[in-house]
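The following exercises are to be worked through with the sequence and the 3D structure at hand. Each task is followed by a solution in steps.

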Amino acid sequence: MDPTPTELKKLTEENAILIGWSDGQQRRYTFAELRKSCPCVTCRNERKAAQAEPMKLTVLSPVELQPVKVERMSLAGNYAYRITFNDGHNTGLFTFELLRKLGTVVDGPS
Ligand SMILES: [Zn+2]
């Protein structure tokens, strides 16, 4: 069986999320990493466009210049988290499978 989250902690001072998994692993995710890894179609296309034209400068809106924060994380079904960021973005579904690939292991089996 694939590991599932058993614990979710928001480390506000570190701008990070800590997830404990059913196999004993703990992984730490920074807000910025989660925002950058948003798997929704819009963000995927933006990342693809940025790769295709690396010299193109993107003009950031004032909202985008704010430090990224996770406002809310809620379970979507029993396979993913929907993350709401402080820029209002919440269309990305972070599946458990994806979350096991992101972040860094801070405790437990790697
Ligand atoms: Zn997105």
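**Exercise 1. Locate Thr6 and describe its surroundings in this predicted model.**

Step 1. Thr6 belongs to strand 1, which covers residues 5-11.

Step 2. The relative accessibility of Thr6 is 56%; the limit for an exposed residue is over 50%, so Thr6 counts as exposed.

Step 3. When neighbours within four places in sequence are set aside, Thr6 is in contact with Gly20, Trp21 and Ser22.

Step 4. Gly92 serves as a point of reference: 86 residues separate Thr6 from Gly92 in sequence, and their C-alpha atoms are 21 Å apart in space.

**Exercise 2. State which residues coordinate the zinc ion, and explain why the arrangement is called tetrahedral.**

Step 1. The donor atoms are SG of Cys38, SG of Cys40, SG of Cys43 and NE2 of His89, at 2.1 to 2.3 Å from the zinc ion.

Step 2. Along the chain, these donors follow the spacing C-x1-C-x2-C-x45-H.

Step 3. Cys40 and His89 link distant parts of the chain, being 49 residues apart. Cys40 is in the loop between helix 1 (31-36) and helix 2 (41-52), whereas His89 is in the loop between strand 5 (80-85) and strand 6 (93-95).

Step 4. Four donors count as tetrahedral if all angles lie between 85 and 135 degrees. The angles subtended by the four donor atoms around the zinc ion are 103 to 116°, and therefore the arrangement is tetrahedral. For comparison, the ideal angle for four tetrahedral donors is 109.5 degrees.

**Exercise 3. Decide whether the residues that coordinate the zinc ion are buried or exposed.**

Step 1. The criterion for a buried residue is a relative accessible area under 20%.

Step 2. Cys38 has a relative accessibility of 0% and therefore counts as buried. Cys43, at 6%, likewise counts as buried.

Step 3. Cys40 and His89 are both buried as well.

Step 4. A further check concerns the cysteines: the count of disulfides comes to zero.

**Exercise 4. Determine how many salt bridges the structure holds, and examine the pairs Arg35 with Asp87, Glu7 with Lys9, and Lys101 with Glu97.**

Step 1. The structure holds five salt bridges. In general, side chains of opposite charge can pair when their charged atoms come close.

Step 2. In the pair formed by Arg35 and Asp87, the closest N and O atoms are 2.9 Å apart. Arg35 lies in helix 1 and Asp87 in the loop between strand 5 and strand 6, so this pair ties together parts that are 52 residues apart in sequence. Arg35 is buried, with a relative accessible area of 19%, while Asp87 counts as partly exposed at 29% relative accessibility.

Step 3. Glu7 and Lys9 form another salt bridge, with 3.7 Å between the closest N and O atoms. Glu7 counts as partly exposed at 34% relative accessibility, and Lys9 counts as partly exposed at 38%.

Step 4. Lys101 and Glu97 meet through their side chains at 3.9 Å, N to O. Both Lys101 and Glu97 are exposed.

**Exercise 5. Identify where the confidence of the prediction is lowest and where it is highest.**

Step 1. For the protein chain, the mean pLDDT is 91, and 95% of the residues reach 70 or more.

Step 2. Confidence is lowest in helix 3 (residues 62-65), with a mean of 65.

Step 3. Confidence is highest in strand 3 (residues 26-30), at 98.

Notes: Residues numbered from 1 in each chain as written. Predicted model: local features only at pLDDT ≥ 70, side-chain atom pairs only at ≥ 80, totals over all residues. Heavy atoms only, no water. Donors = N, O, S within 2.8 Å, 3.2 Å for Na, K, Ca; no water. Tetrahedral: all angles 85-135°; square planar, octahedral: opposite > 155°, others 65-115°. Helix = DSSP H or I, 4+ residues; strand = E, 2+ residues; numbered from the N terminus. Buried < 20%, exposed > 50% of the residue type's maximum accessible area, 1.4 Å probe, protein only. pLDDT = per-residue confidence, 0-100. Salt bridge = Lys/Arg side-chain N within 4 Å of Asp/Glu carboxyl O. Contact = heavy atoms within 4.5 Å. Disulfide = S-S within 2.5 Å.
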